[in-house]
Amino acid sequence: MASQQDELKHRITTKSQQNEPQQTEQHTKSAHDNDSKTNKNINKSTRKQIAKRGLKSLTIALTIPLLLTLIDISLFGSSYQYVSMEKPFWFPRLWALHLACLGSSLLMGLSAWLVWAEGGFHRKPMAMLLYLSQLGLSLAWDPVVFKSGATRIGLVLCMALFGVLIACFRAFKNVNPIAGDLVKPCFGWAGF
């Protein structure tokens, strides 16, 4: 009887030792699954926060230049001189000029945001200076041309704007090629 009990104890001990690695593996696997679920939840919430910040910064990057352009148009954009002056047939109507200014402002704001999102303004601070120069020149054009009637100074502003846009294109393209491509339509507006 004692030998049978010893044999039974030996079988139980051997069997439990054989099962022990499986239990340890299962315990490790379930702990890993729990960690993985926790990491997924953390990653999901972190991604949501990053997306919210990105959306907020995009909204700001688009709103500020558009708002400044709208203020510029409302303060200086309506001119009886422009409406009453004789223009060639290819000159756009006043509303089309303002719409093109808004479109250019929107594209440049989006392009600048893409550069900012890539960290380009920190790596290349000249890109920020170029963007602000472009914004300033485009905002200066309406009062010079529509309020002062200084079309020759307006032409000089457009040429300077074109040069700054070329520099913006080169700086933005090095950081984010899409941002550089978004500057291209603004060339047409400045050239026109």
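# Notebook: a helical chain, looked up piece by piece

**Overall fold.** I counted the secondary structure of the protein first and got 7 helices and 0 strands. The model is a predicted one. Reading along the sequence, I wrote the pattern down as α-α-α-α-α-α-α. I then looked up burial: of the 192 residues in the protein, 31% are buried. For the surface, I noted that the protein exposes about 13200 Å², with carbon and sulfur atoms supplying 63% of that area. I also looked at contacts between residues at least 6 apart in sequence, and 71% of these join residues at least 24 apart.

**Record check.** I opened the UniProt entry, which is unreviewed, and found "transmembrane region" listed for residues 57-83, 95-116, 128-146 and 152-172. I took two of these spans to the model. Residues 128-146 came out as 100% helix and 0% strand, and I noted 28 Å between the end C-alpha atoms of that span. For residues 152-172 I again read 100% helix and 0% strand, with the end C-alpha atoms 30 Å apart. The annotation itself comes from the record and may be inferred rather than shown by experiment.

**Helix α1, surface side.** I looked for nonpolar residues on the surface and noted a patch of about 250 Å² made by Ile60, Ile64 and Leu68. I followed up Ile64, which sits in helix α1, residues 2-76. Its relative accessibility is 46%, so I entered Ile64 as partly exposed.

**Helix α1, buried side.** Is Asp72 buried or exposed? I had placed Asp72 in helix α1. The relative accessibility of Asp72 is 7%, so the residue counts as buried. I then listed what Asp72 touches, leaving out residues up to four places away in sequence: Gly77, Ser138, Leu139, Asp142 and Pro143.

**Salt bridges.** My count came to 1 salt bridge. The partners are Asp181 and Lys184, and their closest N and O atoms are 3.3 Å apart. That is inside the cut-off of 4 Å. Why are the two separated by about one helical turn? Asp181 and Lys184 lie 3 residues apart in helix α7, residues 177-191, and the separation of about one turn follows because of that spacing. I checked the exposure of each partner. Asp181 has 41% relative accessibility and counts as partly exposed. Lys184 is also partly exposed, with a relative accessible area of 42%. As background, side chains of opposite charge can pair when their charged atoms come close.

**Aromatic pairs.** How many aromatic pairs does the structure hold? I found 3. One of them is Phe121 with Phe172, an edge-to-face pair at 6.3 Å centre to centre and 70° between the planes. This pair links distant parts of the chain, as Phe121 is in helix α4 (residues 120-123) and Phe172 is in helix α6 (residues 151-175), 51 residues apart. I entered Phe121 as buried, at 11% relative accessible area. Phe172 is buried too, and its relative accessible area is 0%.

I went on to Phe162 and Phe187, which form a tilted pair with 5.6 Å centre to centre and 55° between the planes. Here too the pair links distant parts of the chain: Phe162 belongs to helix α6 and Phe187 to helix α7, 25 residues apart. Is Phe187 buried or exposed? At 17% relative accessibility, Phe187 counts as buried. Phe162 has 31% relative accessibility, so I put Phe162 down as partly exposed; the buried class stops at 20%. I also noted that Phe162, Phe169 and Phe187 form one aromatic cluster.

**Pro177.** My last stop was again in helix α7, where Pro177 is found. Pro177 has a relative accessible area of 52%, so I entered the residue as exposed; the class begins over 50%. I then took the C-alpha distance from Pro177 to Ser111 and got 9.7 Å. These two residues are 66 apart along the chain.

Technical notes:
Residues are numbered from 1 along each chain as its sequence is written. This is a predicted model: local features need pLDDT of at least 70, side-chain atom pairs count only at pLDDT 80 or more; totals for chains, interfaces and linings use all residues. Side-chain values use heavy atoms; hydrogens and water are left out. Helices (H or I, at least four residues) and strands (E, at least two) are DSSP runs, numbered from the N terminus. Patches are made of residues with over 30% relative accessible area and no salt bridge: like charges are joined within 9 Å, nonpolar side chains (Val, Leu, Ile, Met, Phe, Trp, Tyr) within 5 Å. Accessible areas come from the Shrake-Rupley method with a 1.4 Å probe; for residues, only the protein chains shown count as cover. A salt bridge is a side-chain nitrogen of Lys or Arg within 4 Å of a carboxyl oxygen of Asp or Glu. Buried means under 20% relative accessible area, exposed over 50%, partly exposed in between (1.4 Å probe, protein chains only). Rings of Phe, Tyr and Trp (its six-membered ring) pair if their centres lie within 6.5 Å; planes under 30 degrees apart count as stacked, over 60 as edge-to-face and the rest as tilted. Contact means heavy atoms within 4.5 Å.
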